[in-house]
Amino acid sequence: MAGYVEKTVEKLAEELLADTGLELVDVEYVKEKDWYLRVYIDKPEGIDIEDCQALSEKLEKELDEKNVVPDSYILEVSSPGLDRVLKKEKDFVREAGKMVDVSLYEPLDGSKQITGKLIGCEDNALKLEELEPIDMKKIAQVRLHIDI
């Protein structure tokens, strides 16, 4: 059911964001203590609270009218953050040349964490500068790296 809700909300959100300059980054429908429907948006110069509020109001109305979500839920519309998760092909294209943190399911050369410069993602393999391609099936998560 979560997959259905995420795909349906993704389509609705993309329609609502058309011609706004905002990009839909991701949609999550997860059960924690309560059900949460999280929608992440962005734009090149960054988003503000008004961007989030505008989409939240429009999306909430659409979701209620279409009765998409079967459970009681909390809707959150926000930025994906500085250390955003990269999931889609367009994420890897947009962020090429930046440093990323890669979490693996199993150790590679003794480590489950790798930080490297992103080249891209081709043929179901993540490519980092100066490293052999890593099969995407071995990767738990890829996030933008933050130097503090």
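Which strand gives the most to the lining of the second largest pocket? That would be strand 1, with 3 residues. (Strands here are DSSP runs of E, at least two residues long, and helices are runs of H or I, at least four, numbered from the N terminus.) The model is a predicted one, in which local features need pLDDT of at least 70 and side-chain atom pairs count only at pLDDT 80 or more, while totals for chains, interfaces and linings use all residues. Residues are numbered from 1 along each chain as its sequence is written, and side-chain values use heavy atoms, with hydrogens and water left out.

Strand 1 belongs to an open sheet of 3 strands, in the order 1-2-3 and with mixed pairing; strands pair if DSSP finds at least two bridges between them. Strand 1 (23-31) and strand 3 (73-78) each have a single partner strand, so they sit at the edges with one side lacking a neighbour in the sheet. On average, neighbouring strands of this sheet are turned by 15° against each other, direction ignored. Strand 2 (residues 35-42) and strand 3 run parallel, joined by 6 bridges, and Leu37 has Leu75 in strand 3 as its bridge partner.

Two helices lie across these strands. Helix 1 (residues 2-17) covers strand 1 and strand 2, at about 150° to strand 1, whereas helix 2 (residues 49-66) lies across strand 2 and strand 3, at about 145° to strand 3. Axes are lines fitted to C-alpha atoms, for helices over the stretch in contact, and angles run from 0 to 180 degrees between N-to-C directions; contact means heavy atoms within 4.5 Å.

Back to the pockets. A pocket is an open set of points on a 1 Å grid over the protein atoms alone, where a 1.4 Å probe fits, with protein on both sides within 12 Å along at least five of seven lines; lining residues have an atom within 4 Å of a point. The largest has a volume of about 230 Å³ and 15 lining residues, with Asp42, Lys43, Pro44, Arg84 and Glu95 nearest its centre. The second largest comes in at about 160 Å³, and its lining includes Tyr40, Arg84 and Gln141. Strand 8 (139-144), like strand 1, supplies at least two residues of that lining.

Val142 is also found in strand 8. At 2% relative accessibility it counts as buried (under 20% relative accessible area, 1.4 Å probe, protein chains only). Its contacts, leaving out residues up to four places away in sequence, include Arg84, Phe92 and Leu126.

Terms used: Grid points are joined across faces, edges and corners, and a volume is the space filled by probe spheres set on the points. Buried means under 20% relative accessible area, exposed over 50%, partly exposed in between (1.4 Å probe, protein chains only).
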